[in-house]
Structure formats: structure tokens, C-alpha cells
Amino acid sequence: MILEKTIDGVKKQVKEWKAQGLSVGFVPTMGFLHEGHQSLIKRAVEENDKVVVSVFVNPIQFAPSEDLEAYPRDLDADMKLCEETGADMLFNPEVFEMYGDTFTTFVDMTGVTQELCGKSRPTHFKGVCTVVNKLFNIVTPDKAYFGQKDAQQLAVIRRMVRDLNMNLKIVGCPIIREQDGLAKSSRNTYLSAEERKAALVLSKAIFAGQQMVQNGEKDGDKVLRIMTDIIEAEPLARIDYVEMVKWDTIEVCHEINGPILVAIAVYIGKTRLIDNFIYGMEG
Ligand code: AMP
């Protein structure tokens, strides 16, 4: 597997692959890879001749008060996981390589970015869209893989690709969980033993809500009430949001009469965790 730190290096290699008629799959990540990321890489390896994984902790998607500095990093372990899973290149640029010191162009989306994480992290998706746009231009993949774990991000990227006529397919992949239900996340590493137990309240609420909807409940507010009660019963948990929106326009809705996304963001101590389920359509 190739470890590449430069944009020119990626472009040169991808050009060679394409000249040989090979298809390219791409998995963008912030690193500290786990089985959630690995499921995306596996899928990309199955569906493409060559696979590029990027590991880049993108500073412009973090607000000043957020965890940019503390975000966990382990490039050696990431390289091992990528290589074992069959990736062909790991792209790991420095911040300067991506943004230099004169960067002034951003991709700013309305609508799909307004609710859920867009409300509590108002500059987040501008940073995500900008970096993903840059990465797509650098890697020029045929297909790119995103997890339903970040469901709003998946909807935002799909919309960006459609709105800006980008020439690739976005593939959504299911949420990978720990055995006890907690959605795998690089941020789980912040949790103390006591918080790790308390964090189970997210998946508990998600499974309870999902069950209600699968049993035919049509009143979204009732579903959100039950989920909120479950989370509020945990003293270490503080709700950021518990919401239902249309999938995949991310407009708030109250009745379940089409595809919906139920998404939650909850602080466990200082750590903000997210989880969700989609009903009525594949993610
Ligand atoms: P991140 O490194 O957190 O930016 O995530 C990179 C990609 O991996 C995103 O498309 C995430 O949605 C996806 N991902 C992260 N955690 C999981 C998970 N538990 N299951 C499935 N996909 C995931």
C-alpha cells in the first residue's frame, strides 16, 4: 500500500490507474480507524479496482470550542488497518498541503444543513463540503463511501454531488456497532468507564424508537417523547437534540408517512455522541 502525503502524488498515481482503465473507490475519514471505517473500505475494495483512503483531521469543520486538538490520531494503526483491508493508497496530507496560507473558497449549502447537527454546529457542514469537494477533485473517484452513522453528512454530500453535477456515485453504508449496541466512533475513546456505560443510552433510545415505528406508530412526537425519556433517565447524559426529519431533505416532520430519519446528539459528560435510524428507505 502506498502512503502519500502530497496532492500531486495522489493525482499522478490515480492518473496512471485510470490510464490502465481501472476504477477508483474513495473513503474519506479523519483517521483513528475502527470497524465502522473498515466496513466502508471493505465495500470499496469489493466494488472497485483501486481504493484510496484519506486520513485528514479537517480543521475547518471544527468550531474554535470543539475538539480539534484532542481528536485522536494513530497513523501507524490506520496504515495497518487500511493495508489489511486491501486499500491501495492512504492519503494523509498536512493541513498546509490542503489549505496553504491563502485559502478563501468555501462550499456553503443551505436547506439540508439547517437542522440537526447544522443547528448546534453552524459552520460544520461548510467545512465538510469544502474538504470533501477538494478531496473529490484530488482523487477523482468513480465511487465514494460514507457511513449512515453520520446520516446528515451523507444527505449533504449526496445533495452537493447532485447540485454541483459532480461525476461520481455516493454509496451509503450501514452503522457498525459495538456488541452492546453503541455505534462505533473515534470519539468513544474520550469516554471514561462510567461514561462508556452511560453512553449505551443512545442506542437504547434509537432501538426503542425504531421498534415503535416498525410496529406502526405514525406519530413522530410520541416516538421522540419515549426516546427523550430514556435518555433523560441517565444522569450523565445531556441532550443536544432528538429530532425527526424527512429523509433525505432533512426537513423537520411530525408524521411518519414517508422515509424518515430519526437522529440524536447527546453529551455524555463532555463527549458529544450521535446516533440515528432511517425508516422507509435504505440509507
Ligand atoms: P470520520 O472519520 O468520523 O469522519 O468518519 C469517516 C467515515 O466513516 C464517515 O463516512 C462516517 O460516517 C463513517 N463511519 C464512522 N463511524 C461509523 C460507523 N460506526 N459505522 C459506519 N460508518 C461509520
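Glutamine 153 counts as buried in this predicted model, because its relative accessible area is 19% and the cut-off for burial is under 20%. This glutamine has its place in helix H7, which covers residues 151-163. If the neighbours within four places in sequence are left aside, the contacts of glutamine 153 are with Phe125, Val128 and Phe146.

From this one side chain we can step back to the chain as a whole. The chain contains 10 helices and nine strands, and 53% of its 283 residues count as buried. For a chain of 283 residues, a compact globule would be expected to have a radius of gyration near 19 Å, and the value of 19 Å computed for this chain therefore agrees with that expectation. Along the principal axes, the C-alpha trace spans about 55 × 40 × 40 Å. When contacts between residues at least 6 apart in sequence are considered, 73% of them join residues that are at least 24 apart. The accessible surface of the chain comes to about 13,500 Å², and carbon and sulfur atoms account for 49% of that surface. As for charge, the chain carries 33 positive and 41 negative charges, and the mean positions of these two sets lie 2 Å apart.

Two of the helices can be followed in detail, beginning with H2. Helix H2 runs over residues 35-47, a stretch of 13 residues, and the distance from its first C-alpha to its last is 18 Å, close to the 18 Å expected at 1.5 Å a residue. The buried residues in H2 are Gly36, His37, Gln38, Leu40, Ile41 and Ala44. These buried residues pack against four strands and a helix, namely S2 (24-29), S3 (50-55), S5 (143-147) and S6 (169-173) together with helix H3 (75-85).

The loop between S2 and H2 holds phenylalanine 32, whose phi is near 55°, a positive value in a residue other than glycine. Phenylalanine 32 counts as partly exposed because its relative accessibility is 28%. Leucine 116 likewise has a positive phi in a residue other than glycine, here near 50°, and its place is in the loop between helix H4 (95-99) and helix H5 (117-120). Leucine 116 has a relative accessibility of 3% and so counts as buried.

The other helix to follow is H9, which covers residues 200-214. Its 15 residues should span 21 Å at 1.5 Å a residue, and because the end C-alpha atoms are 21 Å apart, the helix agrees with that expectation. Within H9 the buried residues are Val201, Leu202, Ser203, Ala205, Ile206, Gly209 and Val213, and they pack against helix H8 (193-198), helix H10 (220-232) and the strands S7 (237-246), S8 (260-268) and S9 (271-279). After H9 comes glycine 216, which has a positive phi near 110°.

Strand S7, one of the partners of H9, also leads to a notable peptide bond. Tryptophan 247 and aspartate 248 are joined by a cis peptide bond, with omega at about 15°, and aspartate 248 has its place in the loop between S7 and S8.

Key:
Residues are numbered from 1 along each chain as its sequence is written. This is a predicted model: local features need pLDDT of at least 70, side-chain atom pairs count only at pLDDT 80 or more; totals for chains, interfaces and linings use all residues. Side-chain values use heavy atoms; hydrogens and water are left out. Helices (H or I, at least four residues) and strands (E, at least two) are DSSP runs, numbered from the N terminus. The expected span of a helix is 1.5 Å times one less than its number of residues. Buried means under 20% relative accessible area, exposed over 50%, partly exposed in between (1.4 Å probe, protein chains only). Contact means heavy atoms within 4.5 Å. The radius of gyration is taken over C-alpha atoms; the globule rule is 2.2 Å times the number of residues to the power 0.38. Accessible areas come from the Shrake-Rupley method with a 1.4 Å probe; for residues, only the protein chains shown count as cover. Lys and Arg count as positive and Asp and Glu as negative; His and the chain ends are not counted. The place of a charge is taken as NZ of Lys, CZ of Arg, CG of Asp or CD of Glu.
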